[in-house]
Structures are given as structure tokens and as C-alpha cells.
There are 2 protein chains.
Amino acid sequence: MTVPRPAGPGYLADPVLRPATVADAVFTRLRDAVLSGDLAPGDPLPGERDLAESFGVNRHAVREALRRLEQVRLVAVRQGEQTRVLDWRRTSGLDLVLGLVDGDVLDTPTLTRDMLEMRACLGADAARLAADRADPAARRAVMDAVRAYDDAVSDIADLHDADIAFWRAIVEASDNVAYLLTFNSLVSHALAIAPVPSDHRADELLDIASHRQLAGHILEGRSADAHRVATSLLTRSIPLLEHHDPVTPSAAGERT
Amino acid sequence: MTVPRPAGPGYLADPVLRPATVADAVFTRLRDAVLSGDLAPGDPLPGERDLAESFGVNRHAVREALRRLEQVRLVAVRQGEQTRVLDWRRTSGLDLVLGLVDGDVLDTPTLTRDMLEMRACLGADAARLAADRADPAARRAVMDAVRAYDDAVSDIADLHDADIAFWRAIVEASDNVAYLLTFNSLVSHALAIAPVPSDHRADELLDIASHRQLAGHILEGRSADAHRVATSLLTRSIPLLEHHDPVTPSAAGERT
DNA sequence: GGGGAGCCACTGGTCCAACCAGTTGACCGC
DNA sequence: GCGGTCAACTGGTTGGACCAGTGGCTCCCC
């Protein structure tokens, strides 16, 4: 086997749940090459046969990797033509994020900051919408979630899980599928990127009172209050990470 | 060929840029089965060999489709075990959205509302961040974009493109990769879902003054003002779509 | 000489057939 | 009854052959 198995198969699953395959290795290699800029947008990829040979794998494995790269819109494939690299900054979706760390495109602190900002933005608006239009079942779920949050204070790890469940209930209550799906991406990638963010977020996580207050606002339809409290909760973790950021990559000026 | 080619290969590309393949057909069929609930979370899929036979295609085509389903976290695959259906409401990302229309999970008006809400939420915050920390090159790009916007007023289609370019410049200026990637998903899916949203958005698109004003706020670092103007611009299209929604998917409230 | 038709050498798309490698559970011997 | 073994699944990987679009080169005709 010429291609070493990657440590983790991307964001698909833990190595436990999903052992890396040959196609995973090819996918990871090509993805990183694209994200790091080794393969620039517009560049043609070698033919499938050439890739297979250079990676020392069968062509089918290469094809499966290319299918996944195509799925995340890193490359464009057309029969008869060469496979071309796309400009991921213009085409790819949020699910790509985890690869950005591996690809040395963004450092982890900056990426964490970005995702926390997004979390704050979405979470606050979801809380507002939830207060406005959550149906009874969704309100009950929020109530249950905040109650479970109370019971989790003893252990910080449990609290972290309860926090995710709490916000998931709110996002579900907002009845906005786009928010829900984005929340999924944030959660799965946040777990992979910052396994122990609890240190920085203790202030937020331990503020049981605000969580209960937020739930109350949602349950009683006070959307403006819900938005305010949610923003207060979600933004307090962000500035803490600023001075963790050693280099701000001003990713400007690429015109290609 | 037992499997009919799907009209469009999902959100990968136009049929022009990317003719549907056998694997696309299998992917679409299985995706819709999952999204529509025909295949419930936790259900095992038939074996690859069985699927290949029942679809009348080669096993490799099925495998490529499964790779893509796995990539969007609709299924979980492990060697030796059966492939299982995941709960997409808890696992999948925003890139799934377009499939939600085909899968009869959401009607187009509701989905459009959801994406417009998300656009408003992200766009306003991106404008705020852009005003706070855009680097000179990004500010210049915003300036150029609003200038190009002026020149596009003659044609509503051009205006639509210019609007996307304008917001892209702002999102780029916000220096938040998560926002950027989510913006990409919104743009590509919005184009596919609501090809002619111009009718409802004319009020927004034709408000050149606000666009120029917003750019000014960003260029001069007035983040609060930028946020306010952006919100004003982005929210005005949302309520217009409400009464386009024939069926409100809440438990009660049937109106003939 | 210029332009067009057609061939040919690419590209990716599809298929067949076999075998490898984990998982599971039934079966058989202790 | 318990435990090990083996067979029958599952997906993973490989090789090779052939189909099907594309694009460029060549060659012929005008």
C-alpha cells in the first residue's frame, strides 16, 4: 500500500466508527492539496489512471475519492474533459471546515473564532424565531432541555452535552431547517476541532440562570428578550479567543 | 438501463455542466428515500450487491452513490456491517437543502423563507464584522462591488448577479470563513430553488441608496450602522413570501 | 492556402468477475 | 451450558475490459 492511511477519515466519523479506507486516503490527500493551494483553482487534475498509479491504488478507489471531492465542490468532473479544481472559497460549503485545519489554510484559533461567531449569530436568531413561532411540542422540548441542563451542572462534560442539546432544542423550535442543518455542521465540526473548549466557555456554560431565563423568554414568546439573552450568552466566549490568535491571515489579494 | 436518469444531478451542477450518470441516479433515489422517510433513521440498507441488482446497475455505481450519501451524512457505512440510515435532521449539513424539495420534506416557499432568514441573519452580521475588521483590499472590493451595482440597474438579472457579488464582497470582508462557506451554500441552492425571486425582491434590489449607504458604513467602520442597514435590506423580502405559503406545516390551522 | 470533415488519442463512465477483510451468528465439541 | 470454530454474510479492493464523450490533429477538398 503506497498511500498511508490518514489518521482520521476527515469529518466522516471517528476512526473507531469508520476505519480509514484507501479511498479516504486519496480523498484526504487531494482535498489537502486543493485547500492548501498546491492545486490552484482551474488546474486540471491528472487523469484517474495516472492518479491511481501515482497513489499506488486501483482506479476505482480514485474514482470514489473524486466523487466525494465533487460532492463537496472542490473539483468539477466531466466525461471527456479533464477534472478541474474549483475555487473552494466560492463553491464549497460549511462542511469543508474541518479540512481547513488540516490543509493549513486557517489556524485552529481563527477557525474556532469564526465558528463561535456563527454560533452566536445563528443561535440568537434561532432563539428569537423560537419565541415567535415554536409549536407546543417544540416549547416542551426546550423546557425539558433546560431542565436537563440543571441536572448536568455537576460534570463539565455532561454540561457541554446538555448545552448542545439545549441549543438544538431551540434551533428545532425556530422551525428553520437551514438553521438546523447549519447547526449540525457547527456541532460536528466544533467537536472535532476544539474537543475541550470548556475552559474558555466555562463562564457561559455555568450561567444556569441565563439559560433558564432564555428558556423562559422563548416559552412565553418574548422574542426580543430571547434574542438579547441568547446573544449575551453566546458572545461571551468569543473575545477570549482573540489573543490566542498568533497570526491573523489576511487572506486577501488572491485574484487567480 | 433500468434506472432512469434524474432530471438534474442534485446540486452538483447543471445538466449542461454535468450530465447525469448512473451513480447520480442511484444517489438521487436513495437520498430521496431517506429524506422522505421511506428509509427511516436506523434502518439498514440492502447490501451493495442487492442494490446493484435491484437498480440494474453495477456495484461500483452503487458504491459511488453510497460514498456521496456518506459524505453528506445521510448514511453510515462500516465494513462487515450493514449500511445504516442516519437521522439527517441531526447529522446533515446545509448542502442537503436542495434535496429537501425533491424529497417532499419541505415545500419550496417554506424553504425559501428559511434561507432568506438565514441570509438576513448572516448578511447583517457579516456587514457588522466587515465594518469592524475588513482589511484595505477587502474594503476596496466592497467599494468596487457597490460601484458595479450602480451600473447594473438597467437589467434585473444583472442586478441579481451584482447583488450576489456585493454580498460576497461583504462576507469576504468579514474575514469569517464559516460565513463565507455558508454563503456559498445559500447562493448555489438559492439559485436552484428560486430561479426568479426577483419579483419578491425587487424592493430590495432596487434600493440602490441603501446599498451605497451600507457600503459607506462598512468602509468607514460604522459597524452598528452597517448592521442596521443590512438588516433593513435583507429582511424586507421575507414577509412577502409568507402568504405564498399555502400550507403552514403546524399541527393546527387549516384554512380552506 | 484555408476551411471543414473525420479520425484518433485522450478524458471519464460502466461493467464483469474475482478476491480480501471485517462481523456476525450458528453450529459443534467439550 | 460454555466456548471456540467456521461459514455466511457485510463492505473493501483489485484487475481488466470496454463504452462514451471531447478535443486536437491530420488530411482531403475546395
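Which helix gives the most to the surface near DNA strand D? I started my notebook with that one, and it is helix 3 of chain B, with four residues.

**Ground rules**

I am working with a predicted model, in which local features need pLDDT of at least 70, side-chain atom pairs count only at pLDDT 80 or more, and totals for chains, interfaces and linings use all residues. Residues are numbered from 1 along each chain as its sequence is written, chains are lettered from A and ligands numbered from 1 in the order in which they are written, and side-chain values use heavy atoms, with hydrogens and water left out.

**Entry: DNA strand D**

I looked up the residues around this strand, taking "near" to be a heavy atom of the residue within 4 Å of it. There are 27 around DNA strand D, and A:Val22, A:His60, A:Gln79, B:Arg59 and B:Arg67 come nearest. Of the strand D atoms that come within 4 Å of the protein, 53% are accounted for by sugar and phosphate.

Next I sorted the residues of this surface by class. I count five nonpolar, 10 polar and 12 charged. Here nonpolar covers Ala, Val, Leu, Ile, Met, Phe, Trp, Tyr, Cys and Pro, charged covers Asp, Glu, Lys and Arg, and the others, Gly among them, are polar.

Helices and strands are DSSP runs numbered from the N terminus (helices H or I, at least four residues; strands E, at least two). Helix 3 (59–71) of chain A, helix 2 (48–55) of chain B and helix 3 (59–71) of chain B each supply at least two residues of the surface near DNA strand D.

I then went through the polar contacts (N or O pairs within 3.5 Å; within protein, one atom must be able to donate a hydrogen and the other to accept it, and residues adjacent in sequence count only if both atoms are side-chain atoms).

- A polar backbone atom of A:Val22 is 2.7 Å from a phosphate oxygen of DNA strand D.
- For B:Glu48, a backbone N or O atom lies 3.0 Å from a phosphate oxygen of DNA strand D.
- A:Gly80 has a backbone N or O atom 3.5 Å from a sugar or linking oxygen of DNA strand D.

**Entry: DNA strand C**

How many residues surround DNA strand C? I find 25, the closest being A:Arg59, A:His60, A:Arg67, B:Val22 and B:Gln79. Sugar or phosphate holds 54% of the strand C atoms within 4 Å of the protein, and bases hold the rest. By class, this surface has three nonpolar, 10 polar and 12 charged residues.

The polar contacts I noted here are these.

- B:Val22 places a backbone N or O atom 2.6 Å from a phosphate oxygen of DNA strand C.
- A:Gly80 has a polar backbone atom 3.3 Å from a base oxygen of DNA strand C.
- A:Thr83 brings a side-chain N or O atom to 3.5 Å from a phosphate oxygen of DNA strand C.

Two or more residues of the surface near DNA strand C come from each of helix 2 (48–55) of chain A, helix 3 of chain A and helix 3 of chain B. Helix 3 of chain A gives the largest share, four residues.

**Entry: how the two chains relate**

I laid chain A on chain B, superposing by least squares on the C-alpha atoms of residues with pLDDT of at least 70 in both. The fit has an RMSD of 0.1 Å, with a turn of 180 degrees and a shift of 0.0 Å along the axis. The two copies are thus related as by a two-fold rotation axis. I also checked the interface: 93% of the interface residues of chain A are interface residues in chain B too, so the copies meet through the same surface.

**Entry: helix 1 of chain A**

Is this helix mostly covered or mostly open? It is mostly covered, as 12 of its 15 residues are buried, meaning under 20% relative accessible area (exposed is over 50%, partly exposed in between; 1.4 Å probe, protein chains only). Among the buried ones are A:Val22, A:Phe27 and A:Leu35.

At the N-terminal end, A:Thr21 is the cap, with a side-chain oxygen 3.3 Å from the backbone nitrogen of A:Ala23. After the helix comes A:Gly37, with a positive phi near 95 degrees.

**Entry: A:Thr182 and the Asp175 pair**

A:Thr182 lies in helix 9 (residues 177–193) of chain A and is buried, with a relative accessible area of 1%. Leaving aside neighbours within four places in sequence, A:Thr182 is in contact (heavy atoms within 4.5 Å) with A:Leu94, A:Met118, A:Leu122, B:Leu94 and B:Met118.

Most residues other than glycine have a negative phi. A:Asp175, not a glycine, has a positive phi of about 60 degrees, and B:Asp175 likewise has a positive phi of about 60 degrees. A:Asp175 sits in the loop between helix 8 (156–173) and helix 9 of chain A, and is partly exposed at 38% relative accessible area. B:Asp175 is in the loop between helix 8 (156–173) and helix 9 (177–193) of chain B, and is partly exposed at 24%.
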